[in-house]
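Biologist: Got a minute to walk me through this one? I'd like the broad picture and then some details.

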Amino acid sequence: MDNIYYSVVEALIFASDEPLPANEIVNAIKEIDGADIDISVQEIDEAVNALNEKYDMNGHAFKILRIANGYIYATKPDHAKYVGFLSTEKSKRRLSQAALETLAIIAYKQPITKPELEAIRGVNSDYTLNTLLEKNLITIKGRAETVGRPLLYGTTDEFLKYFGLNNISDLPKPREIEEIMKDEDFQEQKRRIMMNEVEEELEKETNDEGADDEDTIE
């Protein structure tokens, strides 16, 4: 692949709001420069590696990540605390504890049926499943070959993007999860999430009481 295409690859990934698959990059180049251009998916991957090496060498705060079978720009982990402080997107899409538990079970046990899920959690999961389906974090994969043929649930590409994974095999192993949960940064993030949930619940109760007072006045 000619060196000129390194900057083209860089530009295409930079311009994309979603993880951009290598084959789409190849197609874009061939559409513009002709189908006879000698360029492959493997060469795109090599170009991404070369770009990341350049970014590391120059001390840039970002790199190209492989997520959901595509490429996307992201800041390095060292800067996550600072970026996270300013970002509100995650808070808007924050998942409840019940949703996270349900999603974790589905991710590790997929494909899994609702009865199997509820047997593990010990509670009804109708509302949580609907929430995760609405957020496109899970999808229906088919039906189980058991009595009643219940629906089978699995994760989506949106799930991979939400958690910054390239594919489902990148999920941390149980031993790694234990180490993460002991990490001080994780504990701090957990404390903030819990405080935010408490504040939101208090705000909701206040708004409900205000609405009741207005009804009384009328």
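**Surface, sheet and helices**

Modeller: Sure. The protein exposes about 14800 Å², and 53% of that comes from carbon and sulfur atoms. Keep in mind that this is a predicted model.

Biologist: Noted. What percentage of the residues is buried?

Modeller: Buried residues come to 27% of the 218 in the protein.

Biologist: And how many helices and strands are there?

Modeller: There are 11 helices and 5 strands. Looking at contacts with a separation of 6 or more, 47% are between residues 24 or more positions apart.

Biologist: Let's do the sheet. What's the strand order in the open one?

Modeller: That sheet has 3 strands, ordered β3-β5-β4, with antiparallel pairing. β3 (112-113) and β4 (138-143) are the edge strands, each pairing on one side only.

Biologist: How many bridges join β4 to β5?

Modeller: There are 5 bridges between β4 and β5, with β5 covering residues 151-155. As for a specific pair, Ile138 has Thr155 in β5 as its bridge partner.

Biologist: Which helices lie across those strands?

Modeller: One is α6 (residues 97-109), which lies across β3, β4 and β5 and runs at about 95° to β5. Another is α8, residues 126-134, lying across β4 and β5 at about 110° to β4.

Biologist: Switching topic to α2. How far apart are its end C-alpha atoms?

Modeller: They're 17 Å apart. Helix α2 has 12 residues (22-33), so at 1.5 Å a residue it should span 16 Å, and the two values agree.

Biologist: Which of its residues are buried?

Modeller: Ala22, Ile25, Val26 and Ile29 are buried in α2. Looking down the helix axis, the buried residues sit within an arc of 100°, so they line one face of α2.

Biologist: What does that face pack against?

Modeller: The buried residues of α2 pack against α1 (4-15), α3 (41-57) and β2 (70-75).

Biologist: And what happens just after the helix?

Modeller: Gly34 comes just after α2 and takes a positive phi of about 110°.

Biologist: You mentioned α3. What about Ala50, which is in that helix: is Ala50 buried or partly exposed?

Modeller: Ala50 counts as partly exposed, because its relative accessibility is 29% and the buried class stops under 20%.

Biologist: How far is Ala50 from Tyr6 in space?

Modeller: C-alpha to C-alpha, Ala50 and Tyr6 are 8.5 Å apart, while in sequence they are 44 residues apart.

Conventions
Residues numbered from 1 in each chain as written. Predicted model: local features only at pLDDT ≥ 70, side-chain atom pairs only at ≥ 80, totals over all residues. Heavy atoms only, no water. Pairing = 2+ DSSP bridges. Helix = DSSP H or I, 4+ residues; strand = E, 2+ residues; numbered from the N terminus. Contact = heavy atoms within 4.5 Å. Axes fitted to C-alpha atoms, helices over the stretch in contact; angles between N-to-C directions. Buried < 20%, exposed > 50% of the residue type's maximum accessible area, 1.4 Å probe, protein only. Areas by Shrake-Rupley, 256 points an atom, 1.4 Å probe, with all protein chains shown as cover. Expected span 1.5 Å × (residues − 1). Arc of directions from axis to C-beta.
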